[in-house]
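Open the model in your viewer and set it to cartoon view. We'll go from the whole chain down to single residues, one selection at a time.

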Amino acid sequence: QVFETSGTFTWPAGVLFAKVTLVGGGAGGGNSTDTNEPGVGGGAGAVAIKYVTKLADTVAVTVAGAVGQQSNGQTTSWGTEFSADGGQGYQGGTATGGDLNIAGGPGTPGGFDQTLTISGAGGSNAFGGGGGPRDSNSDGRPGRKYGGGGGGARGTNRNGGNGAAGVCIVEY
């Protein structure tokens, strides 16, 4: 069962164990005020995987939503048992409480040489690629699902790309 928005998991009859994968939301990419100040890429959401045991008939599932430019990613959680945090600025999110906790990849800073200015790329994780860099006067590219960080903008008064939403995947 895949949760792309928050909800409630109801344990099916006879099922006592499940594998749950959580992905936090990606952070939004940085804005750009002029051509020589490219925006930084947003960090990716963390990934947490855990084998869970039925403790109650239902579990509250919180799923990180997509965020706009220059915003921190949100947390995805399985009740209060474990969670995967969203990217924070250019830094990737962290996960806690899982059997396997994988940090999200960081966004990259923008850069320039004598001929070309490039914005930063959004961070990636095992489920979502980051928004790619820009080398022209453009808004940042959005992070790809799930949990990819938004790419930085390049140019005068341009907006960074949105960070991608997280997800909760329950296998039983």
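What follows is a tour in a few stops, each with something to select.

**Before you click**

This is a predicted model, so a few ground rules apply: local features need pLDDT of at least 70, side-chain atom pairs count only at pLDDT 80 or more, and totals for chains, interfaces and linings use all residues. Residues are numbered from 1 along each chain as its sequence is written, and side-chain values use heavy atoms, with hydrogens and water left out.

**Stop 1: the whole chain**

Select everything and colour by secondary structure. The protein chain has zero helices and 12 strands; here helices (H or I, at least four residues) and strands (E, at least two) are DSSP runs, numbered from the N terminus. The radius of gyration of the protein chain is 17 Å, close to the 16 Å from the globule rule for 172 residues, so it is as compact as a globular protein of that length. That radius is taken over C-alpha atoms, and the rule is 2.2 Å times the number of residues to the power 0.38.

Now show the C-alpha atoms alone: along the principal axes, they fill a box of roughly 65 × 25 × 20 Å. Switch to a surface and you are looking at about 7700 Å² exposed by the protein chain, with carbon and sulfur atoms supplying 50% of it. Areas like this come from the Shrake-Rupley method with a 1.4 Å probe; for residues, only the protein chains shown count as cover. Of the 172 residues, 48% count as buried, where buried means under 20% relative accessible area, exposed over 50%, and partly exposed in between (1.4 Å probe, protein chains only).

**Stop 2: one five-stranded sheet**

Select E1, E12, E3, E4 and E9. In that order, these five strands make an open sheet with antiparallel pairing. E1 and E9 stand at the edges, each with a single partner strand, so one side of each has no neighbour in the sheet. Two strands pair if DSSP finds at least two bridges between them.

Let's walk across it:

- Start with strand E1 (residues 2-3), joined to E12 by two bridges and running antiparallel. Phe 3 stands opposite Cys 168 in E12.
- Move on to strand E12 (residues 167-171), where four of the five residues are buried.
- Next comes strand E3 (residues 17-23), which pairs with E12 in the antiparallel sense over five bridges. Label Val 23 and you'll find Val 167 of E12 opposite.
- Step over to E4, which pairs with E3 over seven bridges, again antiparallel. Val 20 has Lys 50 in E4 as its bridge partner, while Leu 22 stands opposite Ala 48 in E4. Five of the seven residues of E4 are buried.
- Finish at strand E9 (residues 100-102), which three bridges join to E4, also antiparallel. Here Ala 48 turns up again, with Asn 101 in E9 as its bridge partner.

**Stop 3: another five-stranded sheet**

Hide those strands and select E2, E5, E6, E7 and E8. They form an open sheet in that order, with antiparallel pairing. Strand E2 (7-10) and strand E8 (95-96) are at the edges with a single partner strand each, so one side of each is left without a neighbour in the sheet. Zoom in on strand E5 (residues 58-62) and strand E6 (residues 76-78), an antiparallel pair held over two bridges. Val 61 stands opposite Trp 78 in E6.

**Stop 4: a loop residue**

Select Ala 56, in the loop between strand E4 (47-53) and E5. Is Ala 56 buried or partly exposed? Ala 56 is partly exposed, with a relative accessible area of 38%. Then add Trp 11: the two are 45 residues apart in sequence, and 8.2 Å apart in space from C-alpha to C-alpha.

**Stop 5: Thr 117**

Last, select Thr 117, found in strand E11 (residues 117-118). With 7% relative accessibility, Thr 117 counts as buried. What is Thr 117 in contact with, leaving aside its neighbours within four places in sequence? Its partners include Thr 35, Asn 36, Pro 38, Phe 112, Asp 135 and Arg 154, where contact means heavy atoms within 4.5 Å. Zoom back out to put that in context: residues 24 or more positions apart account for 63% of the contacts in the protein chain with a separation of 6 or more.
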